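Please examine the structure shown here and follow the explanation beside it.

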Amino acid sequence: MTPAEITELRAQALRSIDGATRDLITAAKTVYSTPETGFNEHKTSAYVQERLQALGFVVETGIARTGMKAVLRGAQPGPTVAVIAELDSLQTPTHPGADPETGAAHACGHHAQIGALLGVATALSASELKDSLSGNVAFIITPAEEFIEIQDRLALKANGELEFLSGKQEMIRLGTFDDVDMAMMVHTSAGNGGSAFSVGGTSNAHVSHQVRYIGKSSHAGGAPDKGVNALQAAMLANTAINSMRETFRESDVVRVHGIISNGGSAVNAVPGEVLYEGRVRAKSVEAIEPIAERIIRCYRAGALAMGASVEVQTIAGYHALDQNPTMQKLFADNAELILGSDSVVIVEKHHTQGGSTDMGDLSTIMPVIHPYANAASGVGHGHDYLIEDYDRAVIAPAKIMTATVLELLGNDAQLARETLSKHKPAMSAEQYVTLQRERFSTQTYDPS
Ligand SMILES: [Zn+2]
Ligand SMILES: [Zn+2]
């Protein structure tokens, strides 16, 4: 294909997305109004399935419960590029978009990703565009990016319905990405100055702890001396963790935080059992290890002081995000071409804001990008995180991802092949699955 032909195809794709603007934004808003947390996105999943089928796709459903995949095949064989969208919401009951019954709310803007993915699928479905591709586009709709409701997910694991606790982790295990060579998605954000997009940067790795304190219940008024207070044990552990903070190195970007998800059952009884959920984040899985060891010592300290016992279940969390520079540059160039020269901020490769994503896990096995569309107000995961600019959140990402796919897979997929030949993945999918399995463990400590 000549550059002029690519320009014409891109123009056609942009016209098609422009023509679908209202419909794509409506799709995103429909998902917003049906927030569902990870692995429970049944209504959202059914809606996206219907929308993809209306475009003529055969949709594989029920992957990792609610995930889906639909493949668009180019005229010539070649690499497969995945365009990803995340299905799940958070639990933010005070958010204006919260489901009054469940408290679920799209306080991370994942609904915008669904609209953007449908935009790419709409544009590339046109036969001239499809025929220009040497390779395939896999639309992968992933459940459960937010690493929450751990106890519920552990129950699904115990039933054999899941092994890993996030959507992309589980889809890697199930082989959904086995025929995929590279992947992209766009997440919304609030910030990045005035520019529409930011590309680059990394994210933190993490690990999760389910910490169960077992004490002894007894009458809190009549027989406090007969009880062993599991809540006090957990609170002492939390104090120990806070004392530990001064040992963290800034270069490790450590974040340690937790919640008490069961603090006891009745105020008039000494709490006999308490569940603390902890999270340890740092710049890499390796950096987490020595910090997690110290945190586990803090959990034990609480048990030792009170004479309770503690069980610490370690759950494999996310890996740090490693973004591919070639794909990143293509995305940024297309963003500037479509939106203007001041539309992109480039973030330094190792800069992290402290959060985590399971795109990090995918980035250990293939080249990926995870740019941000600065389209929201408020604070991510907060009650006030709202998409203000749907053109930026849905339409612009659809256009830029489509243009990026056209460049990667057009012209005999030369750019995709070059990207792949230069890319050295940190591990294979098989090695990833083995490593994640090894990161799960359970230890108990009983000082009595
Ligand atoms: Zn989030
Ligand atoms: Zn998110």
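The paragraphs below treat the metal site, the cysteines and the pockets in turn.

This is a predicted model, in which local features need pLDDT of at least 70 and side-chain atom pairs count only at pLDDT 80 or more, while totals for chains, interfaces and linings use all residues. Residues are numbered from 1 along each chain as its sequence is written, chains are lettered from A and ligands numbered from 1 in the order in which they are written, and side-chain values use heavy atoms, with hydrogens and water left out.

The zinc ion (ligand 2) has as its protein donors Cys108 (SG), His110 (NE2) and His187 (NE2), at 2.1 to 2.3 Å. Donors are N, O and S atoms within 2.8 Å of the metal (3.2 Å for Na, K and Ca); water is not among the atoms, so sites may look incomplete. Along the chain, the donors of this ion follow the spacing C-x1-H-x76-H. Cys108 also bridges the zinc ion (ligand 2) and the zinc ion (ligand 1), which are 3.0 Å apart. Distant parts of the chain are linked here, since Cys108 is in the loop between strand S5 (104–105) and helix H4 (110–124), and His187, 79 residues apart from it, is in strand S8. Helices (H or I, at least four residues) and strands (E, at least two) are DSSP runs, numbered from the N terminus.

Is Cys108 buried or exposed? Cys108 counts as buried because its relative accessibility is 11%; buried means under 20% relative accessible area, exposed over 50%, and partly exposed in between (1.4 Å probe, protein chains only). Cys298 is likewise buried, at 3%. The whole structure contains zero disulfides, a disulfide being a pair of cysteine sulfur atoms within 2.5 Å.

The largest pocket is lined by 48 residues, and Glu146, Arg281, Gly355, Ser356 and His381 lie nearest its centre. On a 1 Å grid over the protein atoms alone, a pocket is an open set of points where a 1.4 Å probe fits, with protein on both sides within 12 Å along at least five of seven lines; lining residues have an atom within 4 Å of a point. Strand S11 (255–262) is one of the strands that each supply at least two lining residues, and S11 gives the most, with five. This pocket lies between domain 1 (3–203 + 320–433) and domain 2 (205–317), because both give residues to its lining; the domain bounds come from an automatic or database domain assignment.
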